[in-house]
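Work through the exercises below with the sequence and the 3D structure in view. Try each task before reading its solution.

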Amino acid sequence: MPDVPIARRFAAGSTTSEIIELPMVMSGSGALMRPGPVLDPVKKTLPRAVALVRRIVPWASVTLAPRLYTKPYWTAVTHERITTDPLDIVTHDDREWESCGGLANPGFNAVYLSMYSGPLSILSTAAHECWHMLEDRLAPWMVDLVDFHVDAEAASSYWDTEYHSRPEEIRARAFEVWCGRIFAGMPAPIYARAESEPETLDEIFGMAWSGQLAQELEAEQKVAA
Ligand SMILES: [Zn+2]
C-alpha cells in the first residue's frame, strides 16, 4: 500500500475528535454523498482505491478519514468514531458540516476518501474524485469531447439537485460509471495511443484509467517548465 501518512494518523484509534480544516480553492465542495456501512470490509478495497488515485492522478495526495465532512470551500477530516446517521450534519466552529464520501481539491492536489463508504463505493468515489482532479489539468477540447459524448439531459434527469446537474459532476459520474464495469469484473478496454487524438469516451476514459493521460500531462508540464 502506498504511503498514506494522514490516514495513519487518523487510524490511531483515539476517540478524541480531531478536525483539520483546509480552505478549498475550487468552487463548490466537489462532494458526493456516499452513505454506506463501515468498515472492516472496506479495508480490503482501501489499498486498491489508493492505488487507483496514485495511478490516475499521481500528483495528488490521498487522505483517508473515517469521517469526512464538507462545506463549500472547506474540508474537514476526523477520526471521530462513527455512531450517527451517515447523512448527518455536525456543527463545529459554528459551521454546519455535511458528511460525504469523497472530495477532490485540485488547488491542494489532494483527494479525500471517507472510510465510512462501503468497499465498492470507496472505489467508485475514488474514480469520481480522480476525474475531478484530472479534469483540472485537461485541455478544454478534451473536456468538450466528454460533454459531446455524454447526454447531459439524460444524466441529470436521474438527479434532483442543481449540484448533481453541474457539467463537471455529470462528467465525473460518467467516468465513475465507466470504471464501475471494471470493478464489476469486466475487462478494461485497452486503448493504445495512436497518432490521432482520442475521439471516443472509451479512448479518453481508457487513457485516464491506465494512467496514460496523467503521464502525458506530466510530460507536457516538464516540457513547459
Ligand atoms: Zn463530484
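The protein has 8 helices and 8 strands, where helices (H or I, at least four residues) and strands (E, at least two) are DSSP runs numbered from the N terminus. The model is a predicted one, in which local features need pLDDT of at least 70 and side-chain atom pairs count only at pLDDT 80 or more, while totals for chains, interfaces and linings use all residues. Residues are numbered from 1 along each chain as its sequence is written.

**Exercise 1. The open sheet**

Task: Find the order of the strands in the open sheet of 3 strands, and state which strands stand at the edges.

Solution. Begin with the order, which is β2-β8-β7 with mixed pairing; two strands pair if DSSP finds at least two bridges between them. β2 (61-65) and β7 (102-105) each have a single partner strand and stand at the edges, so one side of each is left without a neighbour in the sheet. The twist from one strand to the next averages 15 degrees.

Next, take the pairings in turn. β2 and β8 run parallel and are joined by 5 bridges, with A65 standing opposite S114 in β8. β7 pairs with β8 (residues 110-114) in the antiparallel sense over 4 bridges; here G102 stands opposite L113, and L103 stands opposite Y112. These two strands, β7 and β8, form a hairpin with 4 residues between them, and N109 in the turn has a positive phi of about 50 degrees.

**Exercise 2. Buried or exposed?**

Task: Decide how C100 and P189 are classed by their C-beta neighbours, and then describe the burial of β7 and β2.

Solution. The rule comes before the counting: a residue is buried if 20 or more other C-beta atoms lie within 10 Å of its own, exposed if 12 or fewer, and partly exposed in between, with C-beta atoms placed from the backbone. C100 lies in the loop between β6 (95-99) and β7, and because it has 25 C-beta neighbours inside 10 Å, C100 counts as buried. P189 lies in the loop between α6 and α7, and with 16 other C-beta atoms within 10 Å, P189 is partly exposed.

Now turn to the strands. In β7, G102 and A104 point one way while L103 and N105 point the other way, and all are buried. In β2, 4 of the 5 residues are buried, so this strand is largely enclosed by the rest of the structure. For the protein as a whole, buried residues make up 36% of the 225 residues.

**Exercise 3. Helix α3 and helix α6**

Task: Describe how α3 and α6 pack, beginning with the angle and ending with the classes of residue in the contact.

Solution. α3 (residues 119-135) and α6 (residues 167-183) pack at an angle of about 135 degrees, with their axes 8 Å apart; axes are lines fitted to C-alpha atoms, for helices over the stretch in contact, and angles run from 0 to 180 degrees between N-to-C directions. This angle makes α3 oblique to α6, since angles under 35 degrees count as roughly parallel, over 145 as roughly antiparallel, 65 to 115 as roughly perpendicular and the rest as oblique.

The residues that make the contact include L120, L123 and W131 of α3 and R171, F175 and F183 of α6, where two residues are in contact if their C-beta atoms, placed from the backbone, lie within 7 Å. By class, the contact of α3 with α6 has 8 nonpolar, 4 polar and 5 charged residues; Ala, Val, Leu, Ile, Met, Phe, Trp, Tyr, Cys and Pro count as nonpolar, Asp, Glu, Lys and Arg as charged, and the others, Gly among them, as polar.

**Exercise 4. Helix α6 and helix α7**

Task: Which residues of α6 and α7 meet, and at what angle do these helices pack?

Solution. The angle between α6 and α7 is about 75 degrees, with the axes 11 Å apart, and the two helices are therefore roughly perpendicular to each other. F175, W178 and C179 in α6 meet L201, F205, A208 and W209 in α7, and by class this contact has 7 nonpolar, no polar and no charged residues.

Finally, look at α7 (residues 201-210) itself, whose buried residues are I204, F205, G206, M207, A208 and W209. Just after α7, G211 takes a positive phi of about 95 degrees. P189 touches D202 and G206, not counting residues up to four places away in sequence.
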